[in-house]
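Trainee: I would like a close look at a single part of this protein, starting from one side chain and working outwards until its surroundings make sense. Could you take me through it slowly, in one connected account?

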Amino acid sequence: MSEPQDTKPLPTIFQLTPLDPTYRADPHQVLDDLRARCPVHRDNVSGTFVLTRYNDIRPLVSDRSLWRDPLNAEEAAVMQRRFADVVPEGAARGETTSILMLDDPDHARIRGPLVQAFYARVARSRPQVEEIVDRSLDAIAAITEQGQPFDLMSRFCVPIPIDAIASILGVEHSRLAEFREWSEGVIQSLNPFRNEDQTAQMERCSEALSAYFAATIEERRRNPQDDLISDMTRLQGEGAPLSDVELQINLSALLIGGNLTTTDLIGNAVRLLLLHPEELAKLKADPGLINQVVEETLRYEPPVDITGRIASRDMEVGGCPVKTSQAFTFSLRAANRDPDVFEDPHRFDVNRKGKPHVAFGGGAHICIGAPLARLEAQVALGKLFERFPNLRFAEPEAAPEWRTLPFFRGLERLELRA
Ligand code: HEM
């Protein structure tokens, strides 16, 4: 591993999450320093190699021969192994965890049919997303007509993704409130530092979701509707090798993945545009720039901080020897602001050209929801600024309130006036 050039201690994983106030206020102070001093950093607290350089991360995150399943990680990789704690003895791996943590052949077997059905749904979902966004905007208009400020997160950024994914899955509107609650509970499965209460909440919500999906899969098999769950039962009927339990787990994964992340993408984008009026002016002058606005937000303020892989062979990274079963933590946030790759990386620039960001990871595990997240963010931002051209911070001097959930970056609240 590369040697630090001075004696200031290197951050442990705990100082690389928003639980740490310095990181929460400005992660890039910490990440720039780490990238400059020790870009391949063996962190003994997480038991992983923490990588921060784009040119190390991009090839590794895209390398399909590396492992993802934490069961393949060495015992010392305590952070990854936390995800492996709950596997019952002798259970089929695909029936214990989602594609997020699976390796081939299970990963490809399950992800294949899911991608096929999901992408086809997303490709036709623009009208549904537009309707959902319009509904939220109508509700906001009712508040702003009385001159009141409002919280964009709870009124807009939170409901849109959950309504969109629920509508694609085929969740009844009457169950949406429960769905939101369950989704928030199960997201704790991504928090390796969760406490006992959070674990209990996660388990309760996860059981409720599984029961809901189990019943709905059965029902749609008998009585297909125009939704993703029916598409999947049809594919099973045509021979897709995927059990009902595997389907349930991965439908939950879509819900978990599709909820908070996209909420944060929309919230972060609105905040950045309001902080950079010259960039917002470009969007207003040319609404066709919306795609670039979303991509630059994903680079500049990605909702997901990290992803990981496990070495499937002895290898060398940035001059450091890595042994089979040792684990990597990739800081997607640090890679996206690497000055060796992005000119003036800390400038929010919607006209930026050059290499793609890594906010969605890469390779076999690249985010399955990326097309939906992009669609939702593009529709939501376009319509929001069209409907409320005078949107502004309610308290321009107030510091942003970032959430503390490790490895995610999003706002607790975003008080605005229109
Ligand atoms: C801006 C929004 C989003 C961001 C930043 C994001 C980010 C990510 C990242 C970094 C990964 C890991 C990729 C890797 O390890 O290479 C991932 C995987 C995943 N995401 Fe997303 N995601 C977003 C939205 C969504 C949505 C909308 C869904 C579902 C509807 C979703 C579902 C998933 C699933 C199921 C995986 C696991 C894929 C696999 O391992 O094969 N995500 N996402």
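Mentor: Let us start from Lys383, which lies in helix H16, and keep in mind throughout that we are looking at a predicted model. The side chain of Lys383 is joined to that of Asp134 by a polar contact of 3.1 Å. If we set aside the neighbours of Lys383 within four places in sequence, its contacts are Glu130, Val133, Asp134 and Leu137.

From here we can move to the nonpolar residues. The largest nonpolar core has 48 residues, and those touching the most other members are Leu152, Phe156, Val270, Leu381, Leu384 and Phe385. At least two residues of this core come from each of helix H6 (126-144), helix H7 (152-157), helix H8 (159-169), H12, helix H13 (277-285), helix H14 (290-300) and H16, and it is H16, the helix of Lys383, that gives the most to this core, with nine residues. Phe156 shows what one of these members touches: leaving aside neighbours within four places in sequence, Phe156 is in contact with Val133, Ser136, Leu137, Ile140, Pro161, Ile266, Ala380 and Leu384. Val133 and Leu137 are thus in contact with Phe156, and they are also in contact with Lys383. Apart from this core lies another, of 39 residues, which includes Ile229, Leu255, Ile256 and Leu260.

H16 also leads us to the ligand, for at least two residues of the shell around the ligand are supplied by each of helix H5 (106-123), H12, strand S4 (306-310) and helix H16 (370-387). The ligand is surrounded by 31 residues, of which the closest are His107, Arg111, Thr307, His365 and Cys367. By class, this shell is made up of 19 nonpolar, ten polar and two charged residues. Taking the polar atoms in turn, an N or O atom in the side chain of His107 is 2.7 Å from an oxygen atom of the ligand, and a polar side-chain atom of Arg111 likewise lies 2.7 Å from a ligand oxygen. With Gly362 it is a polar backbone atom that is involved, at 2.9 Å from an oxygen atom of the ligand.

The element that gives the most to the shell around the ligand is H12, with six residues, and H12 is also one of the helices that supply at least two residues of the largest nonpolar core. Ile249 is found in this helix, which covers residues 244-275. Beyond its neighbours within four places in sequence, Ile249 is in contact with Gly94, Glu95, Thr96, Thr97 and Ser98. Ile249 and Phe213 are 36 residues apart in sequence, and their C-alpha atoms are 8.8 Å apart in space. H12 has a further part to play beside helix H9 (residues 176-186), in which Leu176, Phe179, Trp182, Ser183, Gly185 and Val186 are buried; what covers these buried residues includes H8, helix H10 (196-222) and H12.

A few backbone details deserve attention before we step back. Asp104 and Pro105 are joined by a cis peptide bond, with omega about 5°, and Pro105 is found in the loop between helix H4 (78-82) and H5, the latter being one of the elements that supply the shell around the ligand. Elsewhere, Ser325 has a positive phi of about 80° although it is not a glycine; Ser325 is found in the loop between strand S6 (320-322) and strand S7 (327-331), and is buried, with a relative accessible area of 19%. Phe407, another residue other than glycine with a positive phi, in this case near 75°, has its place in the loop between strand S9 (401-402) and strand S10 (411-413), and Phe407 is buried, with a relative accessible area of 6%.

Finally, the setting for all of this is a protein with 16 helices and eleven strands. Its radius of gyration is 21 Å, close to the 22 Å that the globule rule gives for 418 residues, so the protein is as compact as a globular protein of that length. Of those 418 residues, 55% count as buried, and among contacts with a separation of 6 or more, 72% are between residues 24 or more positions apart. The contacts of Lys383 with Glu130, Val133, Asp134 and Leu137, with which we began, can be read against that background.

Conventions:
Residues are numbered from 1 along each chain as its sequence is written. This is a predicted model: local features need pLDDT of at least 70, side-chain atom pairs count only at pLDDT 80 or more; totals for chains, interfaces and linings use all residues. Side-chain values use heavy atoms; hydrogens and water are left out. Helices (H or I, at least four residues) and strands (E, at least two) are DSSP runs, numbered from the N terminus. Contact means heavy atoms within 4.5 Å. A residue is near a molecule or strand if one of its heavy atoms lies within 4 Å of it. A polar contact is a pair of N or O atoms within 3.5 Å; within protein, one must be able to donate a hydrogen and the other to accept it, and residues adjacent in sequence count only if both atoms are side-chain atoms. Ala, Val, Leu, Ile, Met, Phe, Trp, Tyr, Cys and Pro count as nonpolar, Asp, Glu, Lys and Arg as charged, and the others, Gly among them, as polar. A nonpolar core is a set of buried Ala, Val, Leu, Ile, Met, Phe, Trp, Tyr and Cys residues joined through side-chain atoms within 4.5 Å. Buried means under 20% relative accessible area, exposed over 50%, partly exposed in between (1.4 Å probe, protein chains only). The radius of gyration is taken over C-alpha atoms; the globule rule is 2.2 Å times the number of residues to the power 0.38.
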